[in-house]
Each structure stands twice: as structure tokens, then as C-alpha cells.
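Biologist: I am new to this structure and should like to understand the terms used to describe it. May I ask for the reasoning behind each of them?

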Amino acid sequence: MERVSIIQGKVPIIIVAPHGYDQDDQNTDLITETIANQLGCYAVVNRGWERADSVDFLHDKADCNNVNHCQEDVVREEFLEPIIRFKNKILNQDINCYIFYIHGMSNKHRHLSKDPNLDIVVGYGAGSPNSYTCDLWQKDFILTELNNTGIRAYEGKKGGTMSGWSRNNLNQYFRKWEYEPEVNSMQVEIIYELRREKDLAYLTADYLSIAIKKLSKTHTWSGNSKWLTY
């Protein structure tokens, strides 16, 4: 089995599953592939790199959400370079590129957040200082669309583990490593309950596809900017 699958697209969106192989992120590979197929967009799916503290390409070990790991030989060629190629292809034809990094979080986060209905956390680079990876209205738009469909979506709190702020977080690659202001990215953490079975994963992909498609066709928006954070 190939370690990384890529899907060619026609619209300026890339969906990425950094941990699609890991049990902790079960069915994020399926969600990523489904969104890409529904939208006709690009995708990069990790199907064989097992999350680890250090890279060992002979034993399929690497953390594909860690930019340092992604810069190492083999991991870069297989996983990071397809994202960069797709980004370049998009920006040669369009003025903006959207990237969504699909992750999984365990049901324990419902307990930790004290919200039994927590479904999704969207990270966009809130921190000290902020390193926003998308325009704030874009984050607000996605959260609005998800919550309107009944998905209980939070934003990643400032400096939180789900904010997508850390320098080594792949969400920051086009801000802190290669600066590409035309790239707008978000980290999407999905509760286990919404992906534990394939039918649920397909439904979750449907909701995300609808929200992402609407965002891609919207050029500016003013709406709710106050969200629960986690």
C-alpha cells in the first residue's frame, strides 16, 4: 500500500490528512478523500506514515503534522512536496488557495471542555503573538456554517493545543516557514464520535464539504465573530 495518496483537483482547495494512518485519527483519511471527491479539489492523504517522535523512513515512522519531520528526506518527497506542488498550481491559476488539515480528537475532549456536544475545533493560529493562517472572516464563516447545520463547532483558543499556532504545526507552514499570504489554512479537529464508523465519517464529510464549498464562493463576509473556545 502506498504511504501517501494524492488526488488531483480543479478547484483552489487542498484537503490534507496528516495522520490518516493513525488509529487515534481513525477515518480522517476517509473524510479527507470524500471531501476532495465531492468538491473536485486536491487532497494529500497520509496512509502509511505512523506518528512517531523521530523519522525512520525504513519503518514508516514520521509525524506528518510536524514541519521538521516533513522537511526530512522521503517524508518531504512523499508528503510535503505534493502539497507545495498543488499550492503552486492553484496560485498560478487563482488568487487564493484554501488548505484544510483534517485531524481527529478523542471523545475525552467533550469532558475536558465540559460540553458533551463538542464536535469540532477549528484552529487558525490564535496565540501570543497571533499567527493567523486565514482571514478571520473565513474562520467565522466556516464556524457559522457548521453550527447552522447542527455541528457544535468551537474555535481553537489562544495558545491552546488546537489553535494551530505552533511553529512546527503544519498549519503554520505557509506563515512561519514559507510566507504565502495568498494561502488560507485551517486545522479541523473532529471528535471521535463523528468518525467512529464509516457512515458517520461520510456524513461529517458532507457537512464539511458544504461549508468549504460555500466559503470558496464567498469573497467577503461579516457575521458572528464571538465563539466558544477550546
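**Terms and their grounds**

Modeller: Please keep in mind that this is a predicted model. Let us begin with asparagine 169, which touches Asn65, Val67, Gly164 and Gln187, setting aside residues up to four places away in sequence. This asparagine 169 lies in the loop between β6 (153–155) and α6 (173–177).

Biologist: Why is asparagine 169 called buried?

Modeller: The relative accessible area of asparagine 169 is 10%. Buried means under 20%, so asparagine 169 is buried.

Biologist: What makes the pair of asparagine 169 and glutamine 187 a polar contact?

Modeller: The side chains of asparagine 169 and glutamine 187 come to 2.9 Å. The cut-off for a pair of N or O atoms is within 3.5 Å, where one atom must be able to donate a hydrogen and the other to accept it. The pair is therefore a polar contact.

Biologist: Why is aspartate 73 counted as exposed?

Modeller: Aspartate 73 has a relative accessibility of 58%. Exposed means over 50%, and therefore aspartate 73 counts as exposed. Aspartate 73 is found in the loop between α2 (67–70) and α3 (75–91). Between aspartate 73 and phenylalanine 57 there are 8.5 Å in space, C-alpha to C-alpha, and the two are 16 residues apart in sequence.

Biologist: Where is isoleucine 83, and why is isoleucine 83 called buried?

Modeller: Isoleucine 83 belongs to helix α3. With a relative accessible area of 1%, set against the limit of under 20%, isoleucine 83 is therefore buried. Neighbours within four places in sequence aside, its contacts are Ile14, Val16, Val44, Ile99, Leu170 and Phe174.

Biologist: How is the sheet ordered, and what makes β1 and β6 its edge strands?

Modeller: The sheet is open and has seven strands, in the order β1-β3-β2-β4-β7-β5-β6, with mixed pairing. Strands β1 (4–7) and β6 each pair on one side only, as edge strands. On average, neighbouring strands of this sheet are turned by 20° against each other, direction ignored.

Biologist: How do you know that β1 and β3 pair?

Modeller: Four bridges join β1 to β3 (residues 42–46), and the two run antiparallel. Pairing requires at least two bridges, so β1 and β3 pair. Within β3, alanine 43 is the bridge partner of isoleucine 7.

Biologist: Which helix packs on the sheet?

Modeller: Helix α1 (residues 28–39) does, touching β1, β2 (13–17), β3, β4 (97–105) and β7 (183–191). The direction of helix α1 makes about 165° with that of β2.

Terms used
Residues numbered from 1 in each chain as written. Predicted model: local features only at pLDDT ≥ 70, side-chain atom pairs only at ≥ 80, totals over all residues. Heavy atoms only, no water. Buried < 20%, exposed > 50% of the residue type's maximum accessible area, 1.4 Å probe, protein only. Contact = heavy atoms within 4.5 Å. Axes fitted to C-alpha atoms, helices over the stretch in contact; angles between N-to-C directions.
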